[in-house]
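Colleague: Please take a close look at the salt bridges in this model. I would like one connected account, pair by pair.

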Amino acid sequence: MKYFLFAFLIVSINAFGQQGIIRGTVIEDSNGEPLFGVTVQIKGTTNGAITDFDGKFEIKTSPGTYDLQASFVSFQTITISGLIVEANEVTLIDQINLKEDVALLDEVVVTAEVVKTTEAALLTVKRKSANLIDGISAASFRKIGDSDAASAAKRITGVSIEGGKYVYVRGLGDRYTKTLLNGMDIPGLDPDRNSLQMDIFPTNVLDNVIVSKTFTANLPADFTGGLVNIETKDVPDVKSMTASFGFGYNPSMHFNSDYLTYEGGKTDWLGFDDGTRELHISDGELFQNVNNPTLLSPADQQVYSAQLRGFNPQMGALRERSFMDYNFGFSYGNQKPISLGTLGYSFAISYKNSTEYYDDAVYNTYLVRSDRDELSLADQRVGEFGVNNVLIGGLAGVALKRDNAKYKLNILRLQSGETKAGSFDLERTIEVGTDLIGVSNNLEYSQKSLTNFYLSGEHFLDTWKFEWGLSPTISKITDPDVRNTLYERLRDGNQQFTGEVEISAGNTNFPIRIWRELDEVNYAGKLDAIKNFVAFENDAKISFGVGSTYKERNFIIRGFDWNIQQQDFTGNYNEITDEENLFPNEEGNFYIAQFIGGNVNQYDATSSIYSFYVSTELSPVNKLKAILGIRGEDYTQRYTGINQRNIELNNEKVVDEFNLFPTGNFIYSLKENQNLRLAYTRTIARYSFKEASFIEYFDPLTDRTFLGALSPIINQGDTLWDGNIRSTLIDNFDLRWEVFGKRGETLSVSAFYKTMSDPIEIVQLRSAASSKTFQPQNVGDATVYGTEIEFKKSLNFISQSLENFFINGNTTLSVSEITMTRQEFEARQAVARPGQEIDNRRELQGQSPYIINAGLSYDNFEKGLEVGLYYNVQGKTLTYTGGVNGFADVYSVPFNSLNFSAIKSFGQDDNMRLTLKVDNVLNDKREWEYESLGLPNETFEARSPGTRVSLGFRYEF
C-alpha cells in the first residue's frame, strides 16, 4: 500500500508540475472598462477564478483543450471554445467583451483564436471615450511586429512621424503636440520640444499608445493637435524574452568613401565623449577679451600659451568610408506571485547607430527689393555634411498588484551622441554688406542624456478610485568644442581666383570654438480621485485632481575667437593649430580671445505649473453622454541672467499667467456602432525656456542665429517687437460622426474650427551684421477651420477573396488665416512693387492646407504575413514668416513620402519575425523655398534623403 501511495504522490506532483495557466482580461462592452467580480471557469468543472479590479483572471489547469465560460449578473454569458492549454505555458486571452442584456441573457459562443487576436477592447474604449481618441494596442504590437513605439504610432489615424522619432497629429507641429509617459509629463532628449522621442520604447514593454485629439479637464492643457500617451505594461500577462537586430542601407549615404567626419573620442560609439572634446580651462583661469597677449605679464603669457595648446588641434573634416545603419535590442518581462500579491517586472535595452551623408545640401538667404523683379541673393551655402547618431535606451519597470491597490516604478535612461562634419562653398553678396567667395568647414558633437523615474499608485475603495504619480527627470545636453573655420578665396584685379586663401576679421570672421552646456531637472506630480455614482438612472462619475510641474534649467555658451594676424594660408584647416602658428612662437600669429564677458548666453531659469481640475460624466437622457469640466493652470517663469543691454536680471519673474480651461464633450449614440460627437474646449500653446530668453544661439552649419523672444526689436525708433512673449490661447470646436465596423474597420467625418489668440511664430529678422536671425514672436490673431475624413475598410465588399486586403486613409483639408500686425503689414507694403496690392491676411505658420495619409495593406494573420504600401504628403506649409522685416516667406515644398513594409512571422507559435522596409520609395527631395509678391521662388534649404532599405529580425524565446 505504501508503494502505491508513493507512486500516486509522484504522479500527482508530476501532474501538478505540468500544469498550464490561462490568463485574460474581461471588459464591459458598453464603456471598455474592466469588469470586477466576473466568474470565469472551465466549462463543466469547478475550476475557475474571479476577475480583479483590472478585469484580469488566472486559472491553472492540466494540459488539454477546453471551453472557457465568463458570466456576470445582468450580462450575457460568453463561452470561448477550443482553448488549447500546454504544460508550463501561459495561454493568453487578450479581451473578453461582456454585453449587458437584462432581457435575453443569451449565451454567446466564440472561438479562442478570435478572442486572442481581437482589438475589441481598444475599439470599445475609442467608441465610448470621453474625448476623441485613436490608438494602437498590445494585441496589434504582437500581430504586426513593430519593434518600437514610433513604428507602431504611424499606423494610428491622423499621425505622422517626423524624423522617425516625433509624433505630429493632424499636421500640426511640435508646439501643438504633447507626449506623456504613463499619463505624466516627461521632457525628451531635446527639452525644447513638447513631444518625446518615441523610437526608444520597444513595443513588447508597452500596453498601448493612445492619441487624444480633443481635450478633457484631466489632461494637460498645452496641446491642440494631439496628446500622445505611451502606457507601459505594469504586470506582464506572459513571460516574454525578445531579442532583435536590424540593418539599414541607403545607396546615397552608406559605404561612401566621400563621407565627412572627424576624429572623436574612443566612446563616441556609446553616445558620449570620453573627454577628447573637453574644455581644459576653468572659469577662474580664463583670460577674457584678450586682444594682444604680448601685453600680458611673462607669467601670464606662459599660462596663456599652455591654455592655447590645450585645445584639440583638429580643425578640419576628414573623409572615410561610411557604414550602414544598424540596431539591436533585448527585453524581458514576467510576473510571479509573492506573499504581498502579484509582482510584475520588465527590462528593455536598445542600441541604434545611424549614418547620414548629404552631398547636395543647400542653405540660402534671399532678400526682397521693391526695385527688382526677382529675389536678391544675400548668402548661399552649397556643400556636403555627414552625420552619425548613436542612441542607447534602457527601461526597467517593476509593479506590485494587491487586492485593492497597484504600485508601479519605472526607470528610463537615454543616452545619445551625434557627430556632424560639413564642408561648404559659400557666397556672400553686397546685400549683407560683404562681397565674399569662400569655403568653410564645420565640426560638431552633441551629447544628450535623460534619466526619468516614475512612481505611481492606484487604490480602489468601494466606489472610489484614487491615482497618484511622482516623476522626476534629469536632462543634460552638451555640445563640446564646436569648430567653424571660413577661408576667403582671393581674386586678382580682374576678379579671377588666384588659388590663395585668407582669414580676416572684416570678411570671414575669425575661426570659432564653442562649448554649450544645458542642465535641466523636471519634477512632476499629480493626484486624482474618481467617484462612481448613479444620476438620471444611469451610471455617472465625477473626478477631480491636482498637479504640479517644476522645471529648473542652467544654460551657458562659452565661445572663443581665434584671432589672426597673418594673411597667407594654404587652405588646410588644421594648419591653424600648427605649433609655428601659435603664440608665442616667432610666427605665432594665432591666439584666443574668449567672448564670455557680458554673456547673454548664460542664464538660469525656472518654471512652475500648478493645476487643478474637476470633471463629471453624465447621461442625462438615453444615448447621450455629457462630459463637462474645467481646469485651472497657474504658470510662472523666472529668469536669472543679463539682457541685450547688459542689465542683470536676478530671479526676475518674466511670465506670470493663470488660465481657466473649460471643456464640454457631448456624445450621442446613434446606434451601437455609431456616434455623433460635439466638443468645445479651450487649450494653450506655450513657449520653451529657449524661446523665453535673451540668448543669441548661433548654428555654424547653417550660419543662422536664434534670438530669444525677450529681446525687443527697435528700428529707427519704431518698436517692431516689444519682447513681451505671450502664450497662445486656443478655442477648439469639433464635430464628428464615426462608425465602427468589424476587424478594426472605421469611418469618420469631422469638422473643426479653431480661434487662436496671439499665436507664436518664428520670424526672420534683419540686422546690420546678418540677415539670418530668427526669433519667436506673437504675430496677431488667427483662425483655422477644416474637415477631416478617416477610414479603414476591407476590400471584401468587392470580393470575399479580398477580405485580407485593406485600404485606409486620412485626409485633412484646412484653411488658416491670420490678421497681420501693423508692423508686418507696413513692412510688406514697403517692399511691394508699384501697383501691387498687399492683403493684411495670410496663412498660419505650420498649418498645412491639406494632409493625405493613404495605405493599401494585406493582413493575413493565419499566414503571419502583413504587407503594406503607405503614402503621405502635406501641402505647401509656411515655415518662417518674413515678419516685420519685409523678408520673403519660407514654405516647405510638398514631400511625397511613399513607404513599403513587409512583415513575415514564422517558427513555433510565430516566435520569429522578419521585417523588410523601404522608405522614400520615390526618392523625393526635402526642400524649402522663399516665396514673395508673385516673384519666382528661390531655394531656402534643400537636401536629398535618398531611399533607405532596412531588414530586421526579431526572436521571441
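**Salt bridges, pair by pair**

Modeller: A salt bridge joins the side chains of Lys653 and Asp656, with 3.5 Å from N to O. The model is a predicted one. Lys653 has a relative accessible area of 40%, so Lys653 counts as partly exposed, between the limits of 20% for buried and 50% for exposed.

The next pair is Arg828 and Asp889. Their closest N and O atoms are 2.9 Å apart, and the two residues form a salt bridge. Arg828 belongs to helix H7 (residues 822-830) and Asp889 to strand E47 (residues 889-892), so this salt bridge ties together parts that are 61 residues apart in sequence. Arg828 and Asp889 are both buried, which means that each has under 20% relative accessible area.

Some salt bridges share partners. Asp52, Asp54, Lys401, Lys406, Glu458, Lys465 and Glu467 are joined into one network in this way.

Another pair is Lys476 with Asp519. Here too there is a salt bridge, and the closest N and O atoms are 2.9 Å apart. The two residues come from distant parts of the chain: Lys476 sits in strand E24 (residues 464-491), Asp519 sits in strand E26 (residues 512-535), and 43 residues separate them. Lys476 has a relative accessible area of 33% and is partly exposed. Asp519 is partly exposed as well, at 27% relative accessibility. Both values fall in the partly exposed class because that class lies between under 20% for buried and over 50% for exposed. For the structure as a whole, the count is 44 salt bridges.

One sheet can be described alongside these pairs. It is an open sheet of three strands, ordered E4-E1-E7, with mixed pairing. Strand E4 (56-61) and strand E7 (90-98) are at the edges; each has a single partner strand, so one side of each has no neighbour in the sheet. From one strand to the next, the twist averages 20 degrees. Strand E1 (residues 20-28) and E4 run antiparallel and are joined by six bridges. Gly20 has Thr61, in E4, as its bridge partner.

To return to the salt bridges: Arg828 and Asp889 are buried, whereas Lys476 is partly exposed, as is Asp519. Lys653, the lysine of the pair described at the start, is also partly exposed.

Methods
Residues are numbered from 1 along each chain as its sequence is written. This is a predicted model: local features need pLDDT of at least 70, side-chain atom pairs count only at pLDDT 80 or more; totals for chains, interfaces and linings use all residues. Side-chain values use heavy atoms; hydrogens and water are left out. Two strands pair if DSSP finds at least two bridges between them. Helices (H or I, at least four residues) and strands (E, at least two) are DSSP runs, numbered from the N terminus. Axes are lines fitted to C-alpha atoms, for helices over the stretch in contact, and angles run from 0 to 180 degrees between N-to-C directions. A salt bridge is a side-chain nitrogen of Lys or Arg within 4 Å of a carboxyl oxygen of Asp or Glu. Buried means under 20% relative accessible area, exposed over 50%, partly exposed in between (1.4 Å probe, protein chains only).
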